[in-house]
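This report concerns the internal cavities and the ligand site of the structure shown below.

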Amino acid sequence: MVSNETFKGSFTQQEPIPDEAIAAAVAVLRSGRLHRYNVEPGKLGETAMLERDYARWQGATYCLAVASGGQAMQIALRAAGVAPNDPVLTNSFTLAPVPGAIHAVGARPVLVEIDENLLIDMTDLATKAERSGAKFLLLSHMRGHLCDMDRLMDIADAHGLVVIEDCAHTMAARWNGKRSGNFGLAGCFSTQTYKHINSGEGGFLTSDDPDFIARATILSGSYMLYERHGAGPAPAHYDVPRYEMANMSARMDELRAAILRPQLATLEENAKRWNARYDAVAQELEGSNEIVLPRRLDGEFMVGSSIQFRLPDRDAASCRDFVGRAAARGVELKWFGAAEPTGFTSSHAHWHYAERQSLPNTDRVLATLFDMRLPLTFSLEDCHLIGRIIRDVAGDPLP
Ligand SMILES: *Cc1c(COP(=O)(O)O)cnc(C)c1O
């Protein structure tokens, strides 16, 4: 019975932008004032209000809205003081904009192994911090998997590492009740279509450090209009950076900010809706002898906007075959073991701009690792069906 089921939904279909956000966007368009600093005297623009609202929501003192998650990371690295040729530690399992941000500031990514639960390997982190002399860690909570953040911060402190968190997949996630992004010097977020709030493109940088955020604000291209920021530090913090930091023009605009602001109201609720979908798929996969789900730690409150699993006993040909069979049944899987980068999915071996590094544990995990998006347009029934199809396809004997 199960073997004929096919899924008809789209893995790239997000929910519509809420009516309130559309109305706010139309108001911005009617005003003609789309640039964030093009505001009437004495008024706070949409971008400034978004920064204020997001800082409050996140529980961070400051928030800077920028053009993308990648720009948030790049600006964070520069504002933190990363200089050309500096080694910067980062997870070996992440999305290409992470090593891309390190490369963009002229620094060298030093890739840290992951374990089979897709979390950064703390022993390898300590070893590589020691060996490379790195002073920065760009910690990517890739696909929303949070490591033991208490232990991570202990290791970072012991090695004098400045931590910048890549929270592209952990907006609204928490470790022991504390929001992801609030552990290190800064949190970097993306509001790109496939993340947790949607403005097409966009990003945030959050921090409690007024001098850091002042540097970041000048870097983002504030044209000395930094006093118009909703969640910026006192003007005195700009006295030095206004002369020393370059303008990298990576601002957010009023239209995207208008679309984003109303979405904050449903973010917490959406996290639960994502988790219900994750749990529905996971429930179907858990009974399988073939499929291994990463173990989630007790302290983690995740946002299950995607799901990952491994078929540890498969070789490459069998993994490719599995993806093809799932696709034939309407289930779109990404495979991290592919020889070529495809779409959003690539692995460290494809990043030729970074120094080649030996990462045997990561390679072993990625070789049989699969990934699937869970848009909120899927119903719980859809998720159960998808889970059944995956299980069925994984159990099929090879021809
Ligand atoms: C999407 C993503 C980013 C940054 O996204 P932008 O497309 O630059 O907004 C950063 N890290 C990870 C892990 C991501 O998936």
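In this predicted model, the lining of the second largest cavity consists of three nonpolar, two polar and five charged residues. The residues concerned are F11, R143, S306, E332, K334, F344, T345, D371, M372 and R373. Strand β13 (residues 369–373) is the main contributor to the lining of this second largest cavity, supplying three residues. The space within the second largest cavity comes to about 100 Å³.

Seven cavities of 30 Å³ or more are present in the structure, and the largest of them has a volume of about 210 Å³. The largest cavity is lined by 16 residues, among which R143, Y194, K195, S305 and R373 lie closest to its centre. By class, the lining of the largest cavity comprises seven nonpolar, six polar and three charged residues. Domain 1 (19–265) and domain 2 (266–393) each provide at least three residues to the lining of the largest cavity.

The ligand is surrounded by 16 residues, with G70, D166, H169, S190 and K195 the closest. Six residues of this shell are nonpolar, eight polar and two charged. Three side chains place a polar atom at the following distances from an oxygen atom of the ligand.

| Side chain | Distance to a ligand oxygen atom |
|---|---|
| S190 | 2.7 Å |
| Q192 | 2.8 Å |
| K195 | 3.0 Å |

Taken alone, the ligand exposes 380 Å², of which the protein buries 92%. Helices α3 (69–80) and α4 (97–104) are the elements that give two or more residues to the shell around the ligand; the largest share, three residues, comes from α3.

Terms used: Residues numbered from 1 in each chain as written. Predicted model: local features only at pLDDT ≥ 70, side-chain atom pairs only at ≥ 80, totals over all residues. Heavy atoms only, no water. Near = heavy atom within 4 Å. Polar contact = N/O pair within 3.5 Å; in protein donor to acceptor, adjacent residues only side chain to side chain. Areas by Shrake-Rupley, 256 points an atom, 1.4 Å probe, with all protein chains shown as cover. Helix = DSSP H or I, 4+ residues; strand = E, 2+ residues; numbered from the N terminus. Nonpolar A, V, L, I, M, F, W, Y, C, P; charged D, E, K, R; others polar. 1 Å grid on protein atoms, 1.4 Å probe; cavity = no way out; pocket = protein on both sides within 12 Å on 5 of 7 lines; lining within 4 Å. Points joined across faces, edges and corners; volume = space filled by probe spheres on them. Domains from an automatic or database assignment.
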